[in-house]
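Biologist: Could you walk me through this one? I'd like to hear how each label gets earned.

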Amino acid sequence: MTCDAVTKAIPLYHYGELPPEVEDAVEEHVDVCGECRQELERQRALAAALDRRIVAPPPDLLAECRHELARAIYREETPAVRRTASDPWGLFREAFHSLWHPGIRFRQPAGAVALIALGFFAARFVGFWPGIGANLMGVSPDTVVSSIRSVQPDSSGRVQIALDETRRRVVSGRLEDQNIQRLLLVAAREQDNPGVRVESVNLLKDHSSSAETRSVLLDRLMHDPNPGVRLKALEGLKSFAGDPEVRSAIAQVLLKDQNSGVRIQAIDLLIKHEDRSTVGVLQTLIGREDNNYVRMRCKNALQQMNASVGTF
Amino acid sequence: MLQDAAGAVSARSVSKVDEAAVIRAVQRGDQDAFEQLVRAYDQSVLRLAMNLLRSPEDARDVYQEAFLRVYRNIHSFRFDCSFHTWLYRIVTNICLDHLRKRKVRREESAVVETADGPVDRMDSFEQEGAQADPERRLWNRQLGTRIDVALRDLTPRERMVFELRHYQGLRLRAIGEMLGTSEEAAKNCLFRATQKMRVVLGDLV
């Protein structure tokens with residue numbers, strides 16, 4: 001090989017992209033040619049210098065990307081899921097699907113960190129901006145102004161604006177941490193994102209048995225529009241199943257919830273404890289329930305309590 | 001084992017046989033399978049986008065757009081190439097669009113946006129030599145600047161080929177397949193990229 005040919009081949013030689021026979025020829029030439037050997041050394045030095053300018057993603061970026069992807073996919077999916085859930089079993093499937101939806105599952109390994117990372121915390125910001133002009137200097141770049149409370153011009157040509165701002169923050173901590181639990185309690189009521197709600201409820205039910213958690217679980221069971229969240233709340237209330245207030249809520253769910261999956265879980269929970277005060281509910285339910293399993297469980301429970309299956 | 005782009009074996013990876021099963025499950029609408037598929041590849045996708053575009057925001061956009069396209073189009077994946085190639089075709093197209101827009105829009109800044117605020121790329125280049133003598137630090141800074149100039153002078157395609165070969169460790173044949181060109185064309189591209197950089201950096205390396 002000539003020096004010119006070797007010089008041209010050196011970049012590909014360095015990356016191991018030459019056919020074996022050409023590679024051998026380059027090596028043979030470099031062994032005897034000082035100038036080409038230097039050329040090869042320069043190629044290696046260039047590669048080594050380039051290696052030192054790698055830019056790695058910031059540590060939290062992957063978790064944020066995963067979370068945002070899950071949200072985007074959830075947004076794409078939700079209308080289709082709603083359209084298909086027209087019958088009781090469809091609703092049950094919807095509920096079941098909700099539990100395993102990527103909008104929910106996708107973030108589980110990231111745990112509370114990823115969950116809270118996407119939390120938004122509103123903070124009242126009422127203040128004056130000193131200095132040169134009212135140019136929003138007091139508002140950080142990642143701040144979103146959610147509403148303007150008041151606008152007051154003064155005689156000097158300046159204006160004072162009171163506003164509410166929404167700011168993104170990332171917090172992390174152990175699930176047992178009270179501050180984390182407090183945020184999870186807020187997240188469990190997050191209006192726009194059922195994925196955040198279901199995951200928060202899921203985490204709360206496993207890591208907290210406080211009265212506040214119980215109250216949030218009850219609230220979600222009764223009022224959350226997403227059956228996946230209601231199912232998780234119900235699951236979380238298992239340990240409170242002997243509590244009269246919880247039993248009353250479960251009874252209401254049995255009579256009112258449109259989702260048969262939720263009612264199936266509710267009936268199992270309600271009749272776990274024999275309780276004669278539920279006889280009336282069970283009798284009412286058996287007359288209006290269209291799900292065979294729920295009716296059968298009602299009937300068995302009433303029979304076990306020697307109560308009449310029908311109402312008179 | 002399924003390899004990520006840098007050739008490292010992902011901790012969550014699955015075998016090739018399993019991968020086909022996972023893809024079929026995704027095509028049937030299995031969300032867990034989609035998650036598994038994303039997690040097998042997403043670190044390498046993010047790494048590629050970040051190193052190439054040098055901006056977490058752009059890298060985030062690439063990640064999101066790439067995997068949404070996968071989600072929307074996985075039904076059209078026919079196993080006539082590896083999933084890795086198919087995915088990287090998507091990713092490289094999106095990245096090339098970003099590079100082309102950037103080329104038109106403005107000269108690339110030496111400042112990289114990070115979670116902790118803007119950081120001068122040269123500073124990270126210097127880190128290793130932070131304890132070194134001032135002369136060495138100055139040299140490092142000059143080299144860093146020149147490397148960035150050199151990379152900026154590459155065409156988007158040359159930059160992409162160089163990124164995939166040098167930083168992501170992919171073979172030129174695979175790169176050609178991803179970029180819809182021949183191995184020979186990818187070779188020429190890599191050669192041109194290297195030559196251009198050596199011209200700019202010649203006296204420093």
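Biologist: Which residues on the other side of H9(B) are exposed?

Modeller: Glu184(B) and Val199(B) are exposed there. Exposed means that 12 or fewer other C-beta atoms lie within 10 Å of a residue's own, buried means 20 or more, partly exposed is in between, and the C-beta atoms are placed from the backbone. Keep in mind that this is a predicted model, where local features need pLDDT of at least 70 and side-chain atom pairs count only at pLDDT 80 or more, while totals for chains, interfaces and linings use all residues. Residues are numbered from 1 along each chain as its sequence is written, and chains are lettered from A and ligands numbered from 1 in the order in which they are written.

Biologist: What makes the buried residues of H9(B) sit on the same side?

Modeller: The buried ones are Ala186(B), Lys187(B), Cys189(B), Leu190(B), Ala193(B), Thr194(B) and Met197(B). They cover an arc of only 165° around the axis, so they are on the same side of H9(B). The arc is taken from the directions from the helix axis to the C-beta atoms. Their cover includes H1 and H3 of chain A, plus H6, H7 and H8 of chain B.

Biologist: How do you know that the span of H9(B) agrees with what is expected?

Modeller: The expected span is 1.5 Å times one less than the number of residues. For the 19 residues of H9(B), 183-201, that should be 27 Å, and the end C-alpha atoms are 27 Å apart, so it agrees. Helices here are DSSP runs (H or I, at least four residues; strands are E, at least two), numbered from the N terminus.

Biologist: Why is Asn306(A) called exposed?

Modeller: Asn306(A) has 8 other C-beta atoms within 10 Å, so it counts as exposed. It is found in the segment after H15 of chain A, and its phi is near 55°, a positive value in a residue other than glycine.

Biologist: And why does Phe79(B) count as exposed?

Modeller: With 10 other C-beta atoms within 10 Å, Phe79(B) is exposed too. Phe79(B) lies in the loop between H3 and H4 of chain B.

Biologist: How many residues does each chain bring to the contact?

Modeller: Chain A brings 31 residues and chain B brings 40. Two residues are in contact if their C-beta atoms, placed from the backbone, lie within 7 Å. On the side of chain A that touches chain B, H4(A) gives the most, with eight residues.
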